[in-house]
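Me: Please take a close look at one part of this structure for me, the kind of turn where the backbone does something unusual. Then carry on from there into whatever surrounds it.

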Amino acid sequence: MDALVEVPTPATTTPMKPIASPETEQQDVKIVSRNVDVFYGDKQALDKVSLDINANEVTALIGPSGCGKSTYLRCLNRMNDTISICRVDGTIEIEGEDIYDPGLDVVELRARVGMVFQKPNPFPKSIYENIAYGPRIHGLTRDKQELDSLVEASLQRAGLWDEVKDRVHEPGTGLSGGQQQRLCIARAIATQPDIILMDEPCSALDPIATAKIEELMHELRENYTIVIVTHSMAQAQRVSQRTAFFHLGELVEFGDTEQIFKNPSDPRTESYISGRIG
Amino acid sequence: MNMHQSPEMTPENASGRTSVHKTDDAKRRLKKRYAFETRFKFFGIFAIALAATALFWLLSTVVGKSLGAFHETYITLPVELAAEKIDAKGNRDPKDIRAGNFSGAIKASLRQAFPYITKRRDKLKLYKMVSNGAELSLRERVMRDPSIIGTTQTVRLLASDDVDLYMKGYEGSLEARDVSGVATPLGTTGKVRIIVESNSFSSILARVKDELRDKAQRFRDQARREARGIRVFQRRIDTLPSDADPALRTDYEGRITAYENRRQSLIESAQALEKKANTPGGTEQVSSALPSFFLAINGGVVKITRVSPDAVEGQTLVPLSSDAPAADGSWQLLVNPQSEAGRRIRDAQTTWVEELRKAGAIDTTFNTRFFTAADSREAETAGIWSSAAGSFWTMLVTFFLSFPIGVAAAIYLEQFAPKNRITDFIEVNINNLAAVPSIVFGLLGLAVVIEFLGNDVFGRDLRSTALAGGIVLALMSLPTIIIASRAAIKAVPPSIKEAALGVGASNVQAVFHHVLPLAMPGILTGTIIAMAQALGETAPLLMIGMVAFITEVPGSPMDNASVLPVQIFRWSDFPERAFEMRTAAAILLLLGFLVIMNAIAVLLRKRFERRW
């Protein structure tokens, strides 16, 4: 069930040179991935992806359907482990720690790397219980009061508090789609992660709800490192500082968002952003 | 669909060609399609109507047959609880009272109620009108309150099933027939002859003569069969080769003679009967295959045994008050259209029941005993409580074994097990087990539970206990529960589990905190359906001895027990009509339980059904 892990060389001893990321030196690098291959059975979904993700930035992963961007995202919190035929090679390090190390506890990793899914998936429980679940299983709070304030803080962080403060004990599934997605973000925040992964978080939402989530991402960037997979190039431009373009399982181009959209260096990137492929 | 007829669609398209959908061929094809649809709908409605009719027929038959079981008959009589009979030692020791002669007390009170019944055979018939259950309940009553010993109490005595059935009209009832003229009885007791001035009895005589003719016809049919035997042997003699053993010929001839003799005597008998039947008047015997005829005259009742147009002979069942001639209209001819040979209650008993009815000493009330009593060999005292309790204990064992094991297996297979050949093999086998005939599980239970665990579990023999039955039914229910639970778990959207994993829940936490609660309604539905199936299961329980005759209500799973469907099976084997009714009533009850269980399953599904 667990992915096979190959660790060819200790990551710390090799100097890492990410492709097409000129400003790495000025920023803290949060996630370092080298030569990540992902296989679903015999099918290769990702081919030698090497990517550095900076702290306190929004990194957007774009590309046509089936290009491997979601697969890459799910490698970052080892969500691919749940797929028994999935195999991950290469190294991914978060703050210098290899997350595919057999000694690493995947539960702890997922507490540090929160995730927001494509479709809002609140637990069919109350709003309060949705938020409180993570802190409770990790034992983050000592008593009910602390938990209450953590729930409130998380909802506030996600910009949902004012809308739901009178009905936190009502089912989370009763909220609108956009509210549900913000609830899921609040749920991710509540476990106090460093990194938040978002897998097309706005694909099921209307433009107004999308705008709210995008605004939220701007605010969250101060405290969290955010990686977002999106199909909308406009959204990538609006929310991200850096953008990676994937195509057919390959990382084609990675760089500042402005540069990628204004002045792509790879013809495939240009074709994609101008709508010729994809 | 009506696009083809819509006015916007012109028969010709832009290029001027006729559309392929507008040709006559196309119209024919369309018509054919509609015809098929109509046919299909008709077949569907027909199938549903057939099923509904079958269901209605089944239910109405069961309900109709069971109706008689819900009432019971009591004979109310004063019973003298003589101290010397019930408590000879006089110290009111419960042990002595238990051994008291209650049946003697009841018999004495019956004799007192019918002082004119003196013949031993008649007395036996009289005693049989009261059930053994009456003795038991009288004993219980006296045990509860020994102070009534020595007094005379009015006691409601449970009637036997024959009397009960007669009271409910299942064994025919007395109908009055038109008679006229003055009737003169010759005598008041024993065999009496009653002469009337009219030919009031000619209709009875006609019935009797019809019967004689029928009998003669049967003799003639038999005679024809004998004649066929003669022909067969005659042919054999004719075809015997000339060198055949002469002994053979002698043997054949002897047989022919025997056939001929029988034929002759049958024909003679038939002729004699026909002669009797065709001679007007005369006196004839009333056979027990005919309806029973009674004469109620001068306060007595006479069972008619011989009849002529203007006189009858018979046995007095209730003595006449006098042999004075009875005026026209003061006497009655009563008929029970059901012949005595075709029913269990005797003519004398029906007469006495009518006497009791006249005295207001017999009545029919709602039968609570059926719901509270244990099984019995007497239909009137048999109840379903022991088997209902047995079913309860068995289901309890089944549930507590199959539910945890089944759900655990389902969770493991669905959420934790690696997908490989071994798990595939297990899955296929679980699915196949669900289709294994239940009797096979019974065999397994016999081999494993009874033979292997042996006859010493907590010092008890496991045979025919609810525990053994529960284990066998649990084995049988497991595949159903596992399959239903797996389906329910699979139906929980993976996004919920992903959400839990996403906030750092471990696999076990994600399953037990989120997946399992959401799958629970489906799991419970499957479990209830499996339980309902187990509740109605008979075959495997027969194998492990749960077909036993249980007269005590089981108090624990370790007691010998029977279950409802086995009880039904056992009762259905008894020839008594009263048991037939109780069988139907028990079926109704079992169906009721099943409907309730399925209703709970439906409610659970409706109540907790979630849509994502």
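**Two odd loops and what lies around them**

Reply: Let's start with A:Glu95, which is partly exposed because 14 other C-beta atoms lie within 10 Å, a count that falls between the 12 or fewer of an exposed residue and the 20 or more of a buried one. Bear in mind that this is a predicted model. A:Glu95 sits in the loop between β4 (86-94) and β5 (97-98) of chain A. What makes A:Glu95 worth a look is its phi, near 50°, a positive value in a residue other than glycine. Most residues other than glycine have a negative phi.

Chain B has a case of its own. Phi of B:Asn298 is also near 50°, again positive in a residue other than glycine. B:Asn298 lies in the loop between β7 (292-297) and β8 (300-308) of chain B. Its surroundings are another matter: B:Asn298 counts as buried because it has 21 C-beta neighbours inside 10 Å, and the bar for that is 20 or more.

Now zoom out a little around B:Asn298. β7(B) and β8(B) form a hairpin with two residues between them, and B:Asn298 is in that turn. The two strands run antiparallel and are joined by four bridges. For a pair to click on, try B:Ala296, which stands opposite B:Val301 in β8(B).

B:Val301 is a handy hinge for the tour, as it also stands opposite B:Val318 in β9(B). Strand β9 (residues 311-318) of chain B runs antiparallel to β8(B), with seven bridges between them. That is a hairpin too, with two residues between β8(B) and β9(B). β8(B) has yet another pairing: strand β6 (residues 284-285) of chain B joins it in the antiparallel sense over two bridges. There, B:Gln285 stands opposite B:Arg306. If you follow the side chains along here, recall that in a regular strand they alternate between the two faces of the sheet.

Elsewhere in chain B, have a look at B:Ala176, in strand β3 (residues 175-177). B:Ala176 counts as exposed because it has 10 C-beta neighbours inside 10 Å, and 12 or fewer is enough for that label. Leaving out residues up to four places away in sequence, B:Ala176 touches B:Gln332, B:Leu333 and B:Leu334. By contrast, B:Ala223 is 47 residues from B:Ala176 along the chain, and their C-alpha atoms are 40 Å apart.

Back in chain A, there's a helix pair to inspect. The axes of α3 (residues 127-138) and α6 (residues 177-190) of chain A come within 7 Å and cross at roughly 25°. That makes α3(A) roughly parallel to α6(A), since the cut-off is under 35 degrees. The crossing is right-handed. On the α3(A) side, the contact is made by A:Ile127, A:Asn130, A:Ile131, A:Gly134 and A:Pro135, while α6(A) brings A:Leu183, A:Ala186, A:Arg187 and A:Ala190. By class, that's six nonpolar, two polar and one charged.

Last stop, the place where the chains meet. Chain A puts 21 residues into the contact and chain B 16. On the chain B side, α16 (494-502) and α17 (507-535) each supply at least two residues. The largest share, six residues, comes from α16(B). Sorted by class, the chain B side has seven nonpolar, six polar and three charged residues.

Methods. Residues numbered from 1 in each chain as written. Chains lettered and ligands numbered in written order. Predicted model: local features only at pLDDT ≥ 70, side-chain atom pairs only at ≥ 80, totals over all residues. Contact = placed C-beta atoms within 7 Å. Nonpolar A, V, L, I, M, F, W, Y, C, P; charged D, E, K, R; others polar. Pairing = 2+ DSSP bridges. Axes fitted to C-alpha atoms, helices over the stretch in contact; angles between N-to-C directions. Parallel < 35°, antiparallel > 145°, perpendicular 65-115°, else oblique. Left-handed = near helix turned anticlockwise from the far one by under 90°.
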